[in-house]
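Reader: I've got a fresh model open and a list of things I'd like to pin down. Mind going through it with me?

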Amino acid sequence: MILDQLAHYGARDSVRDLPADVTHHAKRALVDWFSALYPGTRTAPCAQLLAAHRPELGSGRSSLPGCGTTAFSPTAAWINGSVSHAVEFDDIFRDAIYHPGCPVIAAALAVAEEQDASGAALLNAIVVGYEISTRIGAAVQPSHYRYFHTTGTVGCFGAAAATAALAAPGNANAMRHALATAASFAAGLQQAFRSDAMTKALHAGNAASVGVRAGLGAAHGLTGAAGMLDGPVGFGAALADHPDWSKATQALGERYNILQITQKNHGCCGHTFAAIDAALALRAAHGLTPADIEAIEVDAYQTTLDVTGNADPRTPFEGKFSLFYVVAHALAYGSVRLDAFEPARLAEPGLRSLMARIQLRADPELTAAFPGRRAARVAIRTRDGATHRHYAPYRKGDPEAPLSDADLNDKFNELVAPVLGQARTRQLREQAWRLESLAVRDLQLHQPV
């Protein structure tokens, strides 16, 4: 059974000394997760979730960073998982079309604080959650993504694995039952992307919370069905066309997917990134301004059109899922950060004019390479008759062009300091990079801000 192999791996890596580069990338993942979490505490759905759970706040030992309070671990995972997905700066595992950090780290942190775990144990749990869930995600793609949001579905497995690694370290039986139980509660529909509702962010929180409950339950004897992944009416059969389960176990525990994570350089949907990068390259190479541009042609893979083909976004959420808007913004302002989605910016006439000059097309070659490659071609025709072209075979932040540790620190400073202030931001960043020598509670994440 696939679950047996995943469980034995997870039990092993929850308690052993991991390779130094693997541990380092777990710290990179944590630093990047904080970068997505803290600005999320200042936007929806954070305030709504805090209000909904007001009677529970302050009762547990699991922090709600940036909110100055705590909750019991399932609630903390629910809120933190949702909040860390809200501003679209969360990480990506490309082959699974999946944001692993939101559910895995939200769950692992909540349980680690509740159990007063060491920083080293938290890092191991993050690795186990990433490895198991990214492999399950890769096995069911690309067909799974036609209807389902992988962060909400596969994220349940990552959160459950991370929780079991902390609640029952070294126990393959508990790991197996945690994964099996989580499978029944995997949820998240693509339709949530197609409106201005808050539901998409909640997918990550639900996965984190479900994983915590499944993992804690399994650590105390709750059982799940062994064939929940590859059985005739299991997860794969129900939610994908012909899943390739060999991808779930290939080089498991030898080749680490956490070394191949994409960290976002732009604050919007990752399906737009290659086009943004290409547009920025042309802007820099030719000194282009919006006034110079007659027309823009973007060739991308089909999912880019399906998810980000909104040519008339009216809200911040819609703007993050509009290739027309983010490419225009990149050309006009040189970046796509949080300020790109302020209401006044979204309505700016100059950006609207530039958006109207963009044509988006699906390219069969680029579509065939998805999800393993996220490429785009951009051609810009200027008013003087010249045409400039750029092909972006991958995105800045992808494994082929990773953000450096210094880049991640800059991102952390930019996104966290407005919430925590410069001194506390510097302290937390330094603590995260030496977490293996600390207890998780040393981070004092519950402190008021």
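**Cavities, pockets, cysteines and a sheet**

Reader: Which helix gives the largest share of the lining of the second largest cavity?
Author: Keep in mind that this is a predicted model. The second largest cavity holds about 40 Å³, and around it sit Ala29, Asp32, Trp33, Phe89, Asp90, Asp91, Gly101 and Tyr130. By class, that lining splits into 4 nonpolar, 1 polar and 3 charged residues. The largest share, 3 residues, comes from helix 2 (residues 20-40).

Reader: How many cavities of 30 Å³ or more are there, and what is the volume of the largest cavity?
Author: The count of cavities of 30 Å³ or more comes to 2. The lining of the largest cavity takes in 17 residues, and Ile97, His99, Tyr145, Cys269 and His271 lie nearest its centre. As for its volume, the largest cavity comes out at about 150 Å³.

Reader: What classes of residue make up the lining of the largest cavity?
Author: Among the residues nearest the centre of the largest cavity are His99 and His271, along with Tyr145. Over the whole lining, the split is 7 nonpolar, 5 polar and 5 charged residues.

Reader: Cys269 is nearby there. Is cysteine 269 buried or exposed, and why is there no bond to cysteine 268?
Author: Cysteine 269 has 5% relative accessibility, so it counts as buried. A disulfide needs two cysteine sulfur atoms within 2.5 Å. The closest cysteine sulfur to that of cysteine 269 is in cysteine 268, and it is too far for a bond because the distance is 7.2 Å.

Reader: How many disulfides does a search of the whole structure find, and how far from cysteine 46 is the nearest cysteine sulfur?
Author: Searching the whole structure gives 0 disulfides. Cysteine 46 is in none, and its nearest cysteine sulfur belongs to cysteine 67. Cysteine 46 is also buried, at a relative accessible area of 0%. The sulfur of cysteine 67 is away by 3.7 Å.

Reader: On to the open spaces. Which helix gives the most to the lining of the largest pocket?
Author: The largest pocket has a volume of about 540 Å³. It is lined by 26 residues, and Thr43, Ala44, Ala86, Pro316 and Lys320 are the closest to its centre. Helix 10 (199-219), helix 15 (316-320) and helix 20 (405-420) each put at least two residues into that lining. The one that gives the most, with 4 residues, is helix 20.

Reader: How do the residues of the lining of the largest pocket divide by class?
Author: Two of the residues closest to the centre of the largest pocket are Ala44 and Lys320. Across the whole lining, the residues divide into 15 nonpolar, 4 polar and 7 charged.

Reader: What about the second largest pocket: how many charged residues does its lining have?
Author: About 230 Å³ of space lies in this second largest pocket. Its lining includes Arg94, Asp95, Arg135, Lys247 and Arg255, as well as Phe93 and Pro399. With 4 nonpolar and 3 polar residues in the lining, the number of charged residues is 5.

Reader: Now the open sheet of 4 strands. Which strands stand at the edges?
Author: The order in this open sheet is 4-3-5-6, and the pairing is mixed. Each edge strand has a single partner strand, so one side of each is left without a neighbour in the sheet; these are strand 4 (358-362) and strand 6 (387-392).

Reader: What is the average twist from one strand to the next?
Author: The strands in question follow the order 4-3-5-6. From one strand to the next, the twist averages 15°.

Reader: Which residue in strand 5 stands opposite valine 298?
Author: Strand 3 (residues 293-300) and strand 5 (residues 376-382) are paired antiparallel, over 7 bridges. In strand 5, the residue that stands opposite valine 298 is valine 378.

Reader: And which residue takes a positive phi in the hairpin of strand 5 and strand 6?
Author: Strand 5 and strand 6 run antiparallel and are joined by 6 bridges. Alanine 379 stands opposite arginine 389 in strand 6. The hairpin has 4 residues between the strands, and the one with a positive phi, near 95°, is glycine 385.

Key: Residues numbered from 1 in each chain as written. Predicted model: local features only at pLDDT ≥ 70, side-chain atom pairs only at ≥ 80, totals over all residues. Heavy atoms only, no water. Buried < 20%, exposed > 50% of the residue type's maximum accessible area, 1.4 Å probe, protein only. 1 Å grid on protein atoms, 1.4 Å probe; cavity = no way out; pocket = protein on both sides within 12 Å on 5 of 7 lines; lining within 4 Å. Points joined across faces, edges and corners; volume = space filled by probe spheres on them. Nonpolar A, V, L, I, M, F, W, Y, C, P; charged D, E, K, R; others polar. Pairing = 2+ DSSP bridges. Axes fitted to C-alpha atoms, helices over the stretch in contact; angles between N-to-C directions.
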